[in-house]
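Visitor: I am new to protein models, and I would like to learn how to read one feature at a time. Could you take me through this one slowly?

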Amino acid sequence: MADFKKNMLKRILIFAVVITFLFCADGVRVLYLQTVQREDLSAKADSQQLSDTEVKAMRGTIYDSEGNVLAQSATVWNIFIDPSNINTETKRELIVNTLSEYLGFDEEEKRELYDNSKKDTKYVVVAKKVENDIKEKISAFSAENKFGTIIGFEQTTRRYYPYNNFASSVLGFTGGDNQGLSGIEAYYDKELTGTNGRIITVKDAKSNKLPTDYETSIDAIDGNSLVLTINQPIQYYLEKGLRTTMEEYKCKGAYGIVMDCNTGAVLAMSSMPDFDCNDPYKITYSKTKKALKKITDKEEKATAQSEAIQNQWRNFTVSDTYVPGSVFKTFMSSAALEENVVTLDTSYTCTGSIQVQDYRMKCHYHPGHGTQNLTQGLMNSCNPFFITVGQRLGVHNYFKYFDAFGFTQKTGIDLPGEAMSQYYREEQYGIVELSSASFGQTNSLTPIQVCTGICAIANGGTLVKPYIVSEIKDANGNTVKKTQPKEVRRVISEDTSEKVRTMMKAVVDDGTGKNGYVAGYRVGGKTGTSTKLGESKSGEKDKYIVSFAAIAPSDKPEIAALILVDEPNEDLGGGALCAPIAAQVTEQAMQVLGVEPKYDEDESKNLSISCPALIGLSVDSAKNSLSDKNLKYKFVGDGKKVVTQSPSAGSAIPAGGTVVLYTEKGKKKKVKVPDFTGLTISEANAAAADKNLNIEISGNNLASSSVVAYAQSTEKGTEVDVGAVITVSFKSTKSVLD
């Protein structure tokens with residue numbers, strides 16, 4: 001009995017120890033699960049019990065200065081299916097066939113959808129970023145067939161650019177996840193991107209969503225919107241001029257900036273070739289497309305295509321440097337006048353070259369300009385003259401103004417990828433380097449630096465910081481931030497500024513920049529050419545980048561502009577290629593900014609006048625009315641009263657133009673517009689008269705054999721009423737590589 005009790009106690013003790021051990025082990029296990037693995041297990045439980053759907057925030061809108069939408073996000077949908085709930089082949093075929101039809105799938109995509117519909121999964125994405133009208137059709141189809149959760153929809157957003165290529169190098173574009181990849185979209189990505197929301201829904205044991213009573217949602221917060229300084233009409237004319245010139249002269253590129261010279265606001269900015277923001281990987285430049293077609297090697301073609309795509313995304317005006325050439329002479333003039341080492345009366349006799357140590361530096365005009373004063377030196381873009389100006393200024397003063405005009409620092413413009421200028425430091429200059437730099441060689445600057453420097457000359461002598469976003473607004477339209485113009489430093493005096501502006505006006509009136517002339521607006525400017533050293537292959541002619549800087553009106557400037565054409569296929573300078581673009585843009589900018597034209601006596605004689613109202617007048621009365629306005633007339637018909645007229649009453653007609661008057665109904669005549677391209681002013685007038693049309697002269701109006709038409713307001717071959725007015729733009733083809 002004693003042994004039995006002893007054994008029983010031993011067994012009880014062993015059992016108690018085992019039970020205690022098991023309880024301790026379970027306790028330790030529970031403690032381990034509740035501490036170490038708590039987060040992992042909680043996440044697994046949530047994933048099995050909860051459906052967490054992200055609701056994409058709407059990316060902020062980008063507007064131009066007048067409130068026009070340049071970039072906007074809209075709601076689109078990702079379509080998905082739940083293959084695990086497709087339980088019959090009939091149902092599968094109906095879903096696959098209908099979705100393929102609505103989504104425009106080809107046979108291969110349809111087969112892929114069919115295969116995916118048989119997978120052992122609850123979630124297969126069928127299509128991404130589907131427009132709302134297609135989503136509604138699919139939703140109605142699903143409801144009609146009571147498919148429940150078999151077909152589902154996830155809300156997301158898509159970026160749209162209403163004007164495709166417009167301001168593409170400024171705007172940039174977004175990636176598949178709506179993140180900014182270039183331009184404003186990248187630079188202001190944080191401001192444009194909102195905060196995504198969430199919808200959390202409880203699921204049952206079969207992972208189906210329960211009713212919305214079990215749903216929790218966190219609203220998405222849309223991103224901020226941007227208001228740019230870009231003005232749509234000015235940007236349009238800049239792009240139109242650059243694109244036309246680039247295509248005509250098969251250039252490597254064409255670039256331009258227009259700025260409010262008093263505030264630093266960028267009114268227009270473009271780099272050609274550009275791209276469609278909605279399809280940024282598509283090559284747009286005809287010259288590039290032709291070159292790619294000729295490449296047969298696949299790897300070589302892929303590399304060339306990638307380079308071409310990267311090139312059209314690149315904003316040259318900010319992200320690249322170039323040698324400014326003779327445009328830099330405006331800065332040399334400013335520095336020399338400010339330091340009193342020259343006056344407007346300082347003279348120099350150009351013989352066509354000048355000796356600097358062991359180097360003979362030539363003028364673009366090899367016979368020499370003869371004796372000229374400072375203004376004439378700038379008008380003629382005389383290199384030897386400005387070499388002597390630089391030598392008088394000296395290295396220290398030269399570099400002082402080079403730095404003061406902002407050429408040793410980035411401008412700080414709010415765009416990505418701003419390049420740093422490449423320049424000689426003060427201690428690196430000798431007499432040769434100084435002489436070369438004095439007429440715009442040696443150093444490489446960004447176009448935005450040069451245009452900002454021109455603004456300082458134009459606005460009275462103050463360097464301003466350029467900017468492209470004027471305002472940031474939240475999703476409710478409230479202003480979050482407003483850009484205030486920033487004055488960096490005073491560079492030159494108002495007196496020096498006025499003198500250089502007057503000199504620049506002379507360049508346009510009588511010098512190398514005549515094609516920059518705009519009637520009534522007193523444009524100042526400077527042409528430039530720089531040789532792209534080291535970029536030409538052996539035996540090839542030198543490659544050039546030509547330019548034209550403009551200010552207007554020169555007596556009280558509102559804008560500064562810089563136009564560049566890169567590697568044109570003809571040896572034409574900035575005066576022939578860039579100045580006409582600047583003239584068109586300047587005229588448009590003046591109208592947008594409300595600057596009233598001031599015509600001199602000669603300009604007033606050639607102004608268009610308002611065509612009088614003549615309908616209902618007798619033939620004699622109509623003749624007298626037109627004669628009083630110094631207008632010619634042509635009658636069609638045998639009636640006694642005017643029943644129709646062309647141009648119509650109130651339309652602009654050139655002084656001395658012809659009004660066509662009809663005295664019988666149904667007699668109105670039409671005529672095809674001739675091609676005025678390449679004609680001189682007198683030839684164009686004759687061609688217009690032959691068709692009983694009127695032409696209004698725009699641009700360079702000097703009666704010279706080198707001044708020819710290069711653009712017209714109505715395309716050749718277009719049928720118009722007899723007597724219609726066609727605006728024809730003229731420019732001089734006589735140009736120097738200065």
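Guide: What follows is a walk through empty space, sheets, helices and backbone details in a predicted model.

Visitor: Let me begin with empty space: how is it found, and how many cavities of 30 Å³ or more does a search of the whole structure find?

Guide: The general idea is that rolling a probe the size of a water molecule over the atoms shows where empty space is left. Here, a search of the whole structure finds one cavity of 30 Å³ or more, and about 40 Å³ of space lies in the largest cavity.

Visitor: Which residues line the largest cavity, and how do they divide into nonpolar, polar and charged?

Guide: The lining of the largest cavity is made by F328, F331, M332, A335, Y398, Y401, F402 and F405. By class, eight of the lining residues are nonpolar, while none is polar and none is charged. If you want to find the place in the fold, look at helices α13 (329-338) and α15 (383-404), each of which supplies at least two residues of that lining.

Visitor: Next I would like to understand sheets. In what order do the strands β23, β24 and β26 lie in their open sheet?

Guide: As a general point, strands of a sheet pair through backbone hydrogen bonds, either parallel or antiparallel. In this case the three strands of the open sheet follow the order β23-β26-β24, and their pairing is mixed. The edges are taken by β23 (632-636) and β24 (644-646), each of which pairs on one side only. Between neighbouring strands of this sheet the turn is 20° on average, with direction ignored.

Visitor: In which sense do β23 and β26 pair, and what packs on the sheet?

Guide: Strand β23 pairs with β26 (residues 658-662) in the parallel sense, over five bridges, and within this pairing F635 has L661 in β26 as its bridge partner. Helix α22 (residues 619-628) packs on the sheet, where α22 touches β23 and β26, and the direction of α22 makes about 155° with that of β23.

Visitor: Where are the edges of the open sheet with the order β28-β31-β29?

Guide: This open sheet is formed by three strands in the order β28-β31-β29, and the pairing is mixed. The strands β28 (694-699) and β29 (707-712) stand at the edges with a single partner strand each, so one side of each is left without a neighbour in the sheet. From one strand to the next the twist averages 40°. Strand β29 runs antiparallel to β31 (residues 725-732), and five bridges join them; Q712, for instance, has V728 in β31 as its bridge partner. Helix α23 (residues 681-690) lies across β28, β29 and β31, and runs at about 155° to β28.

Visitor: What do β12 and β13 form?

Guide: Strands β12 (residues 353-356) and β13 (residues 359-362) pair in the antiparallel sense over four bridges, with I354 standing opposite M361 in β13. Together β12 and β13 form a hairpin that has two residues between the strands, and Q357 in the turn has a positive phi of about 55°.

Visitor: How should I read two packed helices, and at what angle do α3 and α4 pack?

Guide: In general, two packed helices are described by the angle between their axes and the distance between the axes. Helices α3 (residues 89-103) and α4 (residues 107-116) pack at an angle of about 145°, and their axes are 10 Å apart; the crossing of α3 past α4 is right-handed. From α3, the residues E89, R92, V96, N97, L99 and S100 meet K110, L113 and Y114 in α4, and by class this contact has four nonpolar, two polar and three charged residues.

Visitor: Finally, which backbone details deserve a look?

Guide: As background, most residues other than glycine have a negative phi, and most peptide bonds are trans. The peptide bond from M272 to P273 is cis, with omega near 0°, and P273 sits in the loop between β10 (266-272) and α10 (286-294). A cis peptide bond also runs from S646 to P647, with omega near 5°, and P647 is found in the loop between β24 and β25 (652-653). As for phi, N178 is not a glycine, and yet N178 has a positive phi of about 65°; the place of N178 is in the loop between α6 (168-171) and α7 (183-187).

Technical notes. Residues numbered from 1 in each chain as written. Predicted model: local features only at pLDDT ≥ 70, side-chain atom pairs only at ≥ 80, totals over all residues. Heavy atoms only, no water. 1 Å grid on protein atoms, 1.4 Å probe; cavity = no way out; pocket = protein on both sides within 12 Å on 5 of 7 lines; lining within 4 Å. Points joined across faces, edges and corners; volume = space filled by probe spheres on them. Nonpolar A, V, L, I, M, F, W, Y, C, P; charged D, E, K, R; others polar. Pairing = 2+ DSSP bridges. Axes fitted to C-alpha atoms, helices over the stretch in contact; angles between N-to-C directions. Contact = heavy atoms within 4.5 Å. Left-handed = near helix turned anticlockwise from the far one by under 90°.
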